[in-house]
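Subject: Handover of a structure

Hello,

I am passing this structure on to you, with notes on what was found in it. Please look through the structure first and then read on.

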Amino acid sequence: MDEWDTPLLPDSLVYQIFLSLGPADVLAAGLVCRQWQAVSRDEFLWREQFYRYYQVARDVPRHPAATSWYEEFRRLYDTVPCVEVQTLREHTDQVLHLSFSHSGYQFASCSKDCTVKIWSNDLTISLLHSADMRPYNWSYTQFSQFNQDDSLLLASGVFLGPHNSSSGEIVVISLDNYALLSRVRNKPYDVFGCWLTETSLISGNLHRMGDITSCSVLWLNNAFQNVESENVNVVKRLFKIQNLNASTIRTVMVADCGRFDSPDLLLDVSVPPGRVFDLGSDGIDEDEEAVSGPAPGRTEEGFRRLLDTRAQLQLAEHMLETKAAELLAQSRTKPPERSAACAQNKLLIFTTGCLTYSPHQIGIKRILPHQMTMAGPVLGEGRGSDAFFDALDHVIDVHGHIVGMGLSPDNRYLYVNSRAWPSGSVVADPMQPPPIAEEIDLLVFDLKTMQKVKRGLRAHRAYTPNDECFFIFLDVSRDFVASGAEDRHGYIWDRHYNICLAKLRHQDVVNSVVFSPQEQELLLTASDDATIKAWRSPRTVRIHQAPRPRPFFSWFANQRR
């Protein structure tokens, strides 16, 4: 502008010049004069800056809650927790898992040093309590979860024993006085366990039925094991599920159906649905037979045909065992209970499989309100003599090794870390699953429709083979999803745009990540380097460090990514 504030260049020319600049230069140029300031806030300019800077596909619309392209650019740059603010070194071995209380005031950590530590989440994080589980014959602690009112903490671990031992235990710790209230056996240990209600938790047990067939029993346990009333059960059998080809049920979690119709963020179906098997449908003919099972005579006939086939084709013993188990289950499986969709229903979600021991399927079983209480038959006496197993409601096949799962805060979406099998691979031997990719795909499933949504997120990597693969915990907030990885980084993606926003560095494998449920601009990461790191967004760092935070555009103009 000249001395009379008359523009020397038309706005359209300034706009074209600004299009060739990066976002920091545009903001800096906007400080020159009023004309440049006005052009530097142009909506079309920031739309171009947004798509170019974040490399978002042009057909992806703006976030439905966004008010402007400038504010949306600012949100992704300024509110992602990517600034390390504190490192906790109280653990002496690998840190395996982190969990926040629902209030966000506390969090817990589990480690190979066999302790469960409870922390106060103040501006500066401090240790409140450390529970040593070695006196209970534990090898290490692996998972924890706060109940809904944050009065109790569930912690699970692995027993000392042979390398191939799968036994573990769950304990309940009072957060009032840190007393240990109860202990529950858990097998295999990577069932982990979870809360179903404020005072009842789910554990697992495994019964071998053959070399590669077994039965998983899921138990509902009272958190207070000193119940004296004979009318209140301490433990109750919830479900009994058949396992084939060396598979087992692992990684149980519970999704509440109450918020399915009002999610925080509605994701569009933009890819073909994944393989979903609805085992609880109302179909007839072939589907009806799959649910109800054939008549006993037909089952016996199936066994005779199977023996004849073995004589003719010399089937391997493992194949014969699997076929026999399938025939047994056809007439010994209780179909899913019919019920209308209800906000009080919950979904039990777990990893499983049907082809090999590698967890490659997600099993889903509806939990009805009457099943959520400790009342009723203690050992499942209510089932008929023919109903030996419980049928699943849904099975989702991901065609790869599942190494992590997490629910969105509204419980509508399930995020899954999976290491894919080669395309077209066939499992010929259940003890030799296909090789798995180093790249981890982060898949998203809508639990209301049971369909895959979005395209898989990818940036993180893992290197261990099938038989050494371990769980990498992920977490989901309102706008972001984060995951650990074996490449010494944690990762953060935006849920709407499907883009990776930050890499958070550690010195070793990052096993677990967790957002504060009350403040998604705070993220914790846990690593094999025996540390826990706290990360905050640039916005909150400025607020905490400066008496009066500077405006975003003046701060951003001085930053270079």
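How many of the nine residues of S13 are buried? Eight of them are, so S13 is largely enclosed by the rest of the structure. Please keep in mind that this is a predicted model.

Some totals for the chain come next. The chain has 561 residues, and 54% of them count as buried. Its secondary structure consists of 10 helices and 31 strands. Taking the contacts between residues at least 6 apart in sequence, 60% join residues that are at least 24 apart.

The sheet with S13

S13 belongs to an open sheet of four strands with antiparallel pairing, and the order is S10-S11-S12-S13. Strand S10 (194–195) and strand S13 (235–243) are at the edges with a single partner strand each, so one side of each has no neighbour in the sheet. For S13, then, a place at the edge of the sheet goes together with eight buried residues out of nine.

Within this sheet, strand S11 (residues 200–208) pairs with strand S12 (residues 214–222) in the antiparallel sense, over nine bridges. One position to look at is serine 203, whose bridge partner in S12 is tryptophan 219. S12 also pairs with S13, again in the antiparallel sense, and here there are eight bridges. In that pairing, leucine 218 stands opposite phenylalanine 239 of S13. In general, the strands of a sheet pair through backbone hydrogen bonds, either parallel or antiparallel.

A second sheet

Another open sheet holds four strands in the order S2-S3-S4-S5, with antiparallel pairing. Its edge strands are strand S2 (95–100) and strand S5 (126–132), and each of these pairs on one side only. From one strand to the next, the twist averages 20°. S2 and strand S3 (residues 106–111) run antiparallel and are joined by five bridges. Serine 99 stands opposite alanine 108 in S3.

The helices

Which residues of helix H1 (residues 11–19) are buried? They are Val14, Phe18 and Leu19. These three cover an arc of only 140° around the axis, which puts them on the same side of H1. In general, an α-helix has 3.6 residues a turn, so residues three or four places apart point the same way. The buried residues of H1 pack against helix H2 (23–29), helix H3 (34–40) and H4.

The pair H1 and H4 can be described further. Their axes come within 10 Å and cross at roughly 10°, which makes H1 roughly parallel to H4. From H1, the residues Tyr15, Phe18 and Leu19 take part in the contact, and from H4 they are Phe44, Leu45, Glu48, Gln49 and Arg52. By type, the residues of this contact of H1 with H4 are five nonpolar, one polar and two charged. Phe18 and Leu19 are thus among the buried residues of H1 and also among those that meet H4.

Helix H4 (residues 43–54) packs against helix H5 (residues 69–78) as well, with the axes 8 Å apart and at an angle of about 30°. That angle makes H4 roughly parallel to H5. On the H4 side, the residues are Glu43, Trp46, Arg47, Gln49, Phe50, Tyr51, Tyr53 and Tyr54; on the H5 side, they are Trp69, Tyr70, Glu72, Phe73, Leu76 and Tyr77. The residues of the contact of H4 with H5 divide into 10 nonpolar, one polar and three charged. Gln49 of H4 appears in the contact with H1 and in the contact with H5.

Two single residues

Phenylalanine 473 is in the loop between strand S24 (451–461) and strand S25 (474–476). Buried or exposed? Phenylalanine 473 is buried, with a relative accessible area of 9%. Apart from neighbours within four places in sequence, the residues in contact with phenylalanine 473 include Leu96, His97, Gln142, Phe143, Phe192 and Ser483. Alanine 485 is 12 residues from phenylalanine 473 along the chain, and their C-alpha atoms are separated by 8.9 Å.

Tryptophan 493 is placed in strand S27 (residues 489–494). Tryptophan 493 is buried too, with a relative accessible area of 1%. In sequence, tryptophan 493 and valine 80 are 413 residues apart, while in space they are 9.3 Å apart, C-alpha to C-alpha.

Regards

Technical notes: Residues numbered from 1 in each chain as written. Predicted model: local features only at pLDDT ≥ 70, side-chain atom pairs only at ≥ 80, totals over all residues. Heavy atoms only, no water. Axes fitted to C-alpha atoms, helices over the stretch in contact; angles between N-to-C directions. Helix = DSSP H or I, 4+ residues; strand = E, 2+ residues; numbered from the N terminus. Parallel < 35°, antiparallel > 145°, perpendicular 65-115°, else oblique. Contact = heavy atoms within 4.5 Å. Nonpolar A, V, L, I, M, F, W, Y, C, P; charged D, E, K, R; others polar. Buried < 20%, exposed > 50% of the residue type's maximum accessible area, 1.4 Å probe, protein only. Arc of directions from axis to C-beta. Pairing = 2+ DSSP bridges.
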